Amino acid sequence: MRHLMPAGLIAAALFALPVAAIAQNASPVGAWKTIDDKTGKPKALVRITEEGGVLTGKIEKLYRDPSEDQNPKCVKCTDARKDQPMIGMTILSGLKKDGNEYTGGEILDPAAGKTYKSKASLADNGSKLEVRGYIGAPMFGRTQTWQREQ
């Protein structure tokens, strides 16, 4: 019986490791590969940071064909981001934790130059982020599923 006790403790410790890994992913802070909801292809790598309980996301990398401009400018933007390089651009801002969601933010579609209200929620134990951009109410929008980069 004494020999079973240490084995049980070791097994419990091993099973606790995945729980600790899930707990680390309980926040959207980190790097995310954005996936185009129309084509299913990766578009960008966005780094989400948190400061004072507010989430911000900046483009770190674009996934583009070699024949395309590798760091295009936001020519369709109408605010201070107009004609600025997309890499390094803040496209997600103002999201705050609200229960199991992050709400009250804005997201920029740099290809269209349009800004939308946004909300986000974690899925699949923190390995995916459901990001919704909308006009007016959340039901008038679309959702992209971003994948956490390890």
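**Figure 1. Overview of the protein chain, with 1 helix and 8 strands.** The structure shown is a predicted model. Read from the N terminus, the elements follow the order α-β-β-β-β-β-β-β-β. The protein chain has 150 residues, of which 29% count as buried, and it exposes about 9500 Å², with carbon and sulfur atoms supplying 57% of that area. Among the contacts in the protein chain with a separation of 6 or more, 37% are made by residues 24 or more positions apart.

**Figure 2. The closed barrel of 8 strands.** The strands run in the order β1-β2-β3-β4-β5-β6-β7-β8, and their pairing is antiparallel. From one strand to the next, the twist averages 30°. As a general point, the strands of a sheet pair through backbone hydrogen bonds, and this pairing may be either parallel or antiparallel.

**Figure 3. Close-up of the pairing between strands β7 and β8.** Strand β7 covers residues 128-134 and strand β8 covers residues 141-148, and the two pair in the antiparallel sense over 7 bridges. To follow the pairing at the level of single residues, one may begin at E130, whose bridge partner in β8 is T145.

**Figure 4. A salt bridge between E60 and R47.** Side chains of opposite charge can pair when their charged atoms come close. A search of the whole structure finds 7 salt bridges, and in the one formed by E60 and R47 the closest N and O atoms are 2.9 Å apart. Because E60 lies in strand β3 (residues 54-62) while R47 lies in strand β2 (residues 42-51), the pair ties together parts that are 13 residues apart in sequence. E60 counts as partly exposed, at 38% relative accessibility, and R47 also counts as partly exposed, at 35%.

**Figure 5. A salt bridge between R81 and D79.** In this pair, the closest N and O atoms are 2.6 Å apart. The acidic partner, D79, is partly exposed, with a relative accessible area of 35%.

**Figure 6. The loop between β6 and β7, seen around D124 and N125.** D124 has its place in the loop that follows β6 (114-123) and leads to β7, and N125 is found in that loop as well. Most residues other than glycine have a negative phi. In D124, however, phi is near 50°, a positive value in a residue other than glycine, and in N125, likewise not a glycine, phi is positive too, near 55°. N125 counts as exposed, at 55% relative accessibility, whereas D124, at 48%, counts as partly exposed. D124 also forms a salt bridge with K128, in which the closest N and O atoms are 3.4 Å apart. K128, for its part, is partly exposed, with a relative accessible area of 28%.

**Figure 7. G99 in the loop between β4 and β5.** The loop that holds G99 joins β4 (90-98) to β5 (101-109). At 52% relative accessibility, G99 counts as exposed, because the cut-off for that class is over 50%. This view also includes S121, which is 22 residues away from G99 in sequence, while the C-alpha atoms of the two residues are 9.8 Å apart in space.

Terms used
Residues are numbered from 1 along each chain as its sequence is written. This is a predicted model: local features need pLDDT of at least 70, side-chain atom pairs count only at pLDDT 80 or more; totals for chains, interfaces and linings use all residues. Side-chain values use heavy atoms; hydrogens and water are left out. A salt bridge is a side-chain nitrogen of Lys or Arg within 4 Å of a carboxyl oxygen of Asp or Glu. Helices (H or I, at least four residues) and strands (E, at least two) are DSSP runs, numbered from the N terminus. Buried means under 20% relative accessible area, exposed over 50%, partly exposed in between (1.4 Å probe, protein chains only). Contact means heavy atoms within 4.5 Å. Accessible areas come from the Shrake-Rupley method with a 1.4 Å probe; for residues, only the protein chains shown count as cover. Two strands pair if DSSP finds at least two bridges between them. Axes are lines fitted to C-alpha atoms, for helices over the stretch in contact, and angles run from 0 to 180 degrees between N-to-C directions.
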